[in-house]
Amino acid sequence: MIIETSKSLFNKAQNFIPGGVNSPVRAFKSVGGDPLFIKSAKGAYMYDADGNAYIDMINSWGPMILGHAHEEIGAAVVEAVKTSLSFGAPTEAEIDIAELICEMFPSVEKVRMVNSGTEATMSAIRLARGYTDREKIIKFEGCYHGHGDSFLIAAGSGAATMGVPNSPGVTEGVAKDTLTAPYNDLEAVKALIESNPDNIAAIILEPVAGNMGCITPKEGYLQGLRTLCDEHGIILIFDEVMTGFRLSQGGAQELFNISADLTTMGKIIGGGMPVGAYGGKKEIMEYVSPVGPVYQAGTLSGNPVAMAAGYAMLSHLKSHPEIYSQLENTTKKIKEGFESNLSKLGLNYTINQIGSMISLFFSDKQIVDFETAKTSDTELFGKYFRGMLNEGVYLAPSQFETLFVSTVITDDLVNKLVEANYKVLQSIH
Ligand SMILES: *Cc1c(COP(=O)(O)O)cnc(C)c1O
């Protein structure tokens, strides 16, 4: 019998899968080294093909907020599997989860289930364009909204004017309809609106950014966007694929007390199964087919097994509201531990944290947008990442990703994490 290791699996994978991975960031390209192949995970720990255990600080990029292999969610899936894996016809489970989402997100009056965050954002902007009969959208530099063509636009210094595609295959025609502005800069948004009168369908953003590292909105920023959208008939889309059900039951909207017109969801909403959703004001959502003219569909949308996982996850979160203060406390302890390490070592790096999202930026600047995030020393981050892995801690393999704390991170694990952080920071300086 051949005993496969991460190394042998990665070598084999590269023969059949581009780069050996089904999503690029898994390839460890920006941190150096080869990806680990995971065999199983339970609670806070993930186990690789070589038999190593890691404290998981990514949690499948967010979904596993309760830790891995949670019994309630697993049991719901097993029950659902017994009734067939898919019908392609409506089920009661879809109503249950839709009702729950509408309860947890007051701005969401109607919701459509899809299969990923990418599908949710693509559908939401199509809907916004159809509803407003306008063509352009505004997105923010460093915000990620999945890999839909309209979102793969680099801002660069031409931010105030026209989008430039940052992936081959995205046409200039698509790119010109995506305007970009720096995050946390209301004036830049005002300027874009003024130079494109009555032609902006939507503003889409991560209300707390997690895809350029964790960056929080400045005081008044979200409210400012809300007001601009109201004044100019623009649809405000909060992309809560990451923040939804993570920062609070009602996502960033509940935390900052702002209602979006449309909200996109993913990650936690599927409890680990591939699920996304978009929803919002009834009047806008009724523009979606079959009631309205904007077409959007999915063979496996609302899949019964996925709905069972998602429903179990969301009901658990709803009936355990104390989870959010617990997560915040745990994450604050991690932050304080890291800060104390930095000061002991005479280092001056920046830590951003909100709720259970936290980033250590290898920069001494305040990190408020993509420009400032890019001042981070990514080579040093690579060393830190590999060092932490060596200490048994699995971080996101990129400086520009937030970490996700789960409910199974105990004080004991916080201590392990903080000790590993000290040891590694010391060894790389
Ligand atoms: C992950 C993410 C997406 C894309 O979701 P997928 O399920 O990977 O397609 C979109 N928006 C945000 C904010 C995300 O974090």
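A residue is near a molecule or strand if one of its heavy atoms lies within 4 Å of it. This is a predicted model: local features need pLDDT of at least 70, side-chain atom pairs count only at pLDDT 80 or more, and totals for chains, interfaces and linings use all residues. Residues are numbered from 1 along each chain as its sequence is written, and side-chain values use heavy atoms, without hydrogens and water.

**Exercise 1. List the residues that surround the ligand and sort them by class.**

Solution.
- Step 1: The shell holds Ser116, Gly117, Thr118, Tyr144, His145, Gly146, Glu206, Asn211, Asp239, Val241, Met242 and Lys267.
- Step 2: Apply the classes: Ala, Val, Leu, Ile, Met, Phe, Trp, Tyr, Cys and Pro are nonpolar, Asp, Glu, Lys and Arg are charged, and the others, Gly among them, are polar.
- Step 3: The shell divides into 3 nonpolar, 6 polar and 3 charged residues.

**Exercise 2. Find polar contacts of the ligand with Gly117, Tyr144 and Asn211.**

Solution.
- Step 1: Look for a pair of N or O atoms within 3.5 Å; within protein, one must be able to donate a hydrogen and the other to accept it, and residues adjacent in sequence count only if both atoms are side-chain atoms.
- Step 2: Gly117 places a backbone N or O atom 2.9 Å from a ligand oxygen.
- Step 3: For Tyr144, a backbone N or O atom is 3.3 Å from a ligand nitrogen.
- Step 4: Asn211 uses an N or O atom of its side chain, 3.1 Å from a ligand oxygen.
- Step 5: On its own the ligand has 380 Å² of accessible area (Shrake-Rupley method, 1.4 Å probe; for residues, only the protein chains shown count as cover). The protein covers 83% of that area.

**Exercise 3. State what the salt bridge between Lys318 and Glu103 ties together.**

Solution.
- Step 1: A salt bridge puts a side-chain nitrogen of Lys or Arg within 4 Å of a carboxyl oxygen of Asp or Glu.
- Step 2: The structure holds 18 of them.
- Step 3: In the pair of Lys318 and Glu103, the closest N and O atoms are 3.1 Å apart.
- Step 4: Lys318 lies in helix H10 (residues 304-319) and Glu103 in helix H3 (residues 92-104), so the pair ties together parts 215 residues apart in sequence. Helices (H or I, at least four residues) and strands (E, at least two) are DSSP runs, numbered from the N terminus.

**Exercise 4. Describe the backbone at Pro290 and Trp61.**

Solution.
- Step 1: Most residues other than glycine have a negative phi, and most peptide bonds are trans.
- Step 2: Ser289 and Pro290 are joined by a cis peptide bond, with omega about 10°. Pro290 is in the loop between helix H9 (282-285) and H10.
- Step 3: Trp61 has a positive phi, near 70°. Trp61 is in the loop between strand E3 (53-56) and helix H2 (71-81).
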